[in-house]
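This report describes the fold of one protein chain and then looks at a few of its residues in turn. Please view the sequence and the model alongside the text.

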Amino acid sequence: MAFDAKQPCAECGGIEWYTGAVAVQSASFNLLPGTGSIGATVEAVVCSSCGNMRHFVPEIQLARIRKSGHWKQVGGAGGSAGDH
Ligand SMILES: [Zn+2]
């Protein structure tokens, strides 16, 4: 699910958002391990009223995360929570 700008901020109820792509990988830091790409970005969304910040992973990276052994699914159909 991508960001929905119609949703008010969960912290303050604000409705004015600012968004932009931010890098989450470098030579020494990787927030999206197992996705096989360097230079990946996520969509950052900031509430201009209170500063609350959220991040959304693009679909192409979500597809890689679903297939990657690095990430463990814990909910939804096929999830392992409670299965063992
Ligand atoms: Zn806010």
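Strand β1 is hardly covered, and the count of buried residues among its 7 residues is 0. The model is a predicted one, and every value below was computed from it.

**Overall layout**

The chain contains 1 helix and 3 strands. Read along the sequence, these elements follow the pattern β-β-β-α. Of the 84 residues in the chain, 5% count as buried, so a residue with 20 or more other C-beta atoms within 10 Å of its own is an exception here. The radius of gyration is 15 Å, whereas a compact globule of 84 residues would have one near 12 Å. Along the principal axes, the C-alpha atoms fill a box of roughly 40 × 35 × 20 Å. Among contacts with a separation of 6 or more, 51% join residues that are 24 or more positions apart.

**The sheet**

The 3 strands make an open sheet in the order β1-β2-β3, with antiparallel pairing. Strands β1 and β3 stand at the edges with a single partner strand each, so one side of each has no neighbour in the sheet. From one strand to the next, the twist averages 25°.

Strand β1 covers residues 17-23 and strand β2 covers residues 41-47; the two pair in the antiparallel sense over 7 bridges. The pairing of β2 with strand β3, residues 53-56, is also antiparallel and runs over 4 bridges. Strands β2 and β3 form a hairpin, with 5 residues between them. In the turn of this hairpin, Gly51 has a positive phi of about 90°.

Which residues stand opposite each other in the sheet? The table gives four such pairs.

| Residue | Opposite residue | Strand of the opposite residue |
|---|---|---|
| Thr19 | Val45 | β2 |
| Val22 | Val42 | β2 |
| Glu43 | Phe56 | β3 |
| Val45 | Arg54 | β3 |

Val45 therefore appears twice, as it stands opposite Thr19 and also opposite Arg54 in β3.

**Thr19, in an edge strand**

Thr19 is found in strand β1. Is Thr19 buried or exposed, given the other C-beta atoms within 10 Å? There are 13 of them, which makes Thr19 partly exposed; the exposed class ends at 12. Leaving aside neighbours within four places in sequence, Thr19 is in contact with Phe3, Glu43, Ala44 and Val45. One of these, Val45, is the residue opposite Thr19 in β2. Glu59 is 40 residues from Thr19 in sequence, and the two C-alpha atoms are 17 Å apart in space.

**Val24, in the loop after β1**

Val24 has its place in the loop between β1 and β2. With 18 other C-beta atoms within 10 Å, Val24 is partly exposed, because a buried residue needs 20 or more. Not counting residues up to four places away in sequence, Val24 touches Leu31, Leu32, Ala40, Thr41 and Val42. Ala40 lies 16 residues from Val24 in sequence, with 6.1 Å between their C-alpha atoms. Another residue touched by Val24, Val42, is the one that stands opposite Val22.

**Ile65, in the helix**

Helix α1 spans residues 59-67, and Ile65 lies in it. Ile65 is partly exposed, as 15 other C-beta atoms lie within 10 Å. Which residues does Ile65 contact, leaving aside its neighbours within four places in sequence? They are Gly34, Thr35 and Trp71. Thr35 is 30 residues away along the chain, and its C-alpha atom is separated from that of Ile65 by 6.0 Å.

**Summary**

The chain combines an open antiparallel sheet of 3 strands with 1 helix. Thr19, Val24 and Ile65 are each partly exposed, and 5% of the residues in the chain count as buried.

Key:
Residues are numbered from 1 along each chain as its sequence is written. This is a predicted model: local features need pLDDT of at least 70, side-chain atom pairs count only at pLDDT 80 or more; totals for chains, interfaces and linings use all residues. The radius of gyration is taken over C-alpha atoms; the globule rule is 2.2 Å times the number of residues to the power 0.38. Two residues are in contact if their C-beta atoms, placed from the backbone, lie within 7 Å. Axes are lines fitted to C-alpha atoms, for helices over the stretch in contact, and angles run from 0 to 180 degrees between N-to-C directions.
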